[in-house]
Amino acid sequence: MNPPATTLLIDSGNSRLKIGLRHADGGREDQPLAFDNLDFEALGLWLDTLPQRPAQAVGVNVAGAERGQAIADTLSSRGCAVHWQQSRREALGLHNHYDRPEQLGADRWAALLGVLARLPAQRPPVLLACFGTATTIDTIAPDNAFPGGLILPGPAMMRNALNRGTANLPFAEGAIADFPTNTVQAIASGIGAAQAGALVRQWLVAERRYGVAPEIYVAGGGWPEVREETERLLADAGAVAMPQVLAGPVLDGLAALVAHGAVQS
């Protein structure tokens with residue numbers, strides 16, 4: 001399908017709604033908006049400020065059907081139709097090896113497309129770690145195959161689970177230590193170790209499978225919390241290059257679908 005002059009890009013996640021605008025000339029404007037309490041009136045008011053309203057929206061929604069319908073209704077009232085994208089077996093050269101391709105989270109799939117769009121044809125394997133409400137750690141092989149990946153609770157969810165699921169553990173934020181000597185430090189260190197350890201595990205298994213160390217890309221609001229521990233463990237494991245931060249790989253992937261006329265209606 002031919003893109004209109006401006007396309008609205010939507011990443012509807014569990015905790016944030018991220019918005020981008022892609023113009024027909026390929027130019028981009030990204031707005032990492034967070035609408036509290038599903039405040040779709042705020043989304044509508046933001047759309048009303050645009051000098052040119054988009055006639056089309058392309059997005060992914062992993063926050064449930066009710067959220068998706070509320071977004072669609074808000075856009076429809078302003079003459080903008082939304083095309084929700086689902087994971088496919090193949091798109092833009094990415095081969096999805098999930099047993100059932102549609103079960104791969106649409107945000108993970110779009111983020112992988114976003115990373116792939118920025119890479120040269122000849123490259124090592126790639127690791128993409130997104131630290132949000134959940135942490136996902138996915139691999140792209142040198143031949144553009146997606147062999148699979150990990151899902152685990154994000155840093156904030158781990159912290160909340162300990163606080164709510166136990167009688168005596170506090171909601172803890174603190175420094176990471178090798179041998180914590182207080183409860184707050186023990187919780188912070190456990191969370192950092194789990195997040196960093198999962199990423200380094202996938203880095204090691206990808207290196208073993210493909211015979212070359214993967215490049216690492218990271219995104220999400222939880223990354224700053226675990227960056228230092230992750231980079232320390234990677235260095236201990238022999239990594240030379242440290243992770244590169246991406247601002248919005250999901251929006252990048254949606255923009256790539258629009259640019260290549262690969263949007264599902």
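1. Ala 117 is found in helix H3 of what is a predicted model, and with a relative accessible area of 53% the residue is exposed, because the cut-off for that class is over 50%. Although Ala 117 and Gly 253 stand 136 residues apart along the chain, their C-alpha atoms are separated by 7.3 Å.

2. Arg 118 lies in the loop between helix H3 (106-117) and strand S8 (126-131). Its relative accessibility is 46%, so Arg 118 counts as partly exposed. Here again a residue is paired with one that is remote in sequence: Arg 118 and Ala 256 are 138 residues apart along the chain, while the distance between them in space, C-alpha to C-alpha, is 9.6 Å.

3. When neighbours within four places in sequence are left aside, Arg 118 is in contact with Tyr 217, Leu 246 and Asp 252. For the last of these residues the side chains can be described further, since a polar contact of 3.3 Å joins those of Arg 118 and Asp 252.

4. Asp 252 itself lies in helix H7, which covers residues 249-259. Is Asp 252 buried or exposed? With a relative accessible area of 17%, Asp 252 is buried, because the cut-off for that class is under 20%; Arg 118, its partner in the polar contact, is by contrast partly exposed. Not counting residues up to four places away in sequence, Asp 252 touches Arg 28 and Gly 114 as well as Arg 118.

5. Thr 136 has its place in strand S9, residues 134-140, and is buried, its relative accessible area being 11%. If neighbours within four places in sequence are set aside, the residues in contact with Thr 136 are Arg 108, Leu 128, Ala 129, Cys 130, Leu 150 and Ile 151.

6. Turning to helix packing, two packed helices are described by the angle between their axes and the distance between the axes. For helix H4 (residues 155-165) and H5, the axes come within 10 Å and cross at roughly 140°, and the two helices are therefore oblique to each other. The crossing of H4 and H5 is right-handed. On the H4 side the contact is made by Pro 155, Met 158, Arg 159 and Leu 162, and on the H5 side by Ile 187, Ile 191, Ala 194 and Gln 195. Sorted by character, the residues of this contact between H4 and H5 comprise six nonpolar, one polar and one charged.

7. Helix H5 (residues 183-210) also packs with helix H6 (residues 223-236), the axes coming within 9 Å and crossing at roughly 45°. H5 and H6 are therefore likewise oblique to each other, and their crossing is right-handed. H5 contributes Ile 191, Gly 192, Gln 195, Ala 196, Gly 197, Leu 199, Val 200 and Trp 203 to the contact, whereas H6 contributes Glu 225, Val 226, Glu 229, Thr 230, Leu 233 and Leu 234. The residues of the contact of H5 with H6 divide into eight nonpolar, four polar and two charged.

8. Which residues of H5 take part in both of these contacts? Ile 191 and Gln 195 are listed for the contact of H5 with H4, and Ile 191 and Gln 195 are also listed for the contact of H5 with H6.

How values were computed. Residues are numbered from 1 along each chain as its sequence is written. This is a predicted model: local features need pLDDT of at least 70, side-chain atom pairs count only at pLDDT 80 or more; totals for chains, interfaces and linings use all residues. Side-chain values use heavy atoms; hydrogens and water are left out. Axes are lines fitted to C-alpha atoms, for helices over the stretch in contact, and angles run from 0 to 180 degrees between N-to-C directions. Helices (H or I, at least four residues) and strands (E, at least two) are DSSP runs, numbered from the N terminus. Angles under 35 degrees count as roughly parallel, over 145 as roughly antiparallel, 65 to 115 as roughly perpendicular and the rest as oblique. A crossing is left-handed if the near helix is turned anticlockwise from the far one by less than a right angle, and right-handed if clockwise. Contact means heavy atoms within 4.5 Å. Ala, Val, Leu, Ile, Met, Phe, Trp, Tyr, Cys and Pro count as nonpolar, Asp, Glu, Lys and Arg as charged, and the others, Gly among them, as polar. Buried means under 20% relative accessible area, exposed over 50%, partly exposed in between (1.4 Å probe, protein chains only). A polar contact is a pair of N or O atoms within 3.5 Å; within protein, one must be able to donate a hydrogen and the other to accept it, and residues adjacent in sequence count only if both atoms are side-chain atoms.
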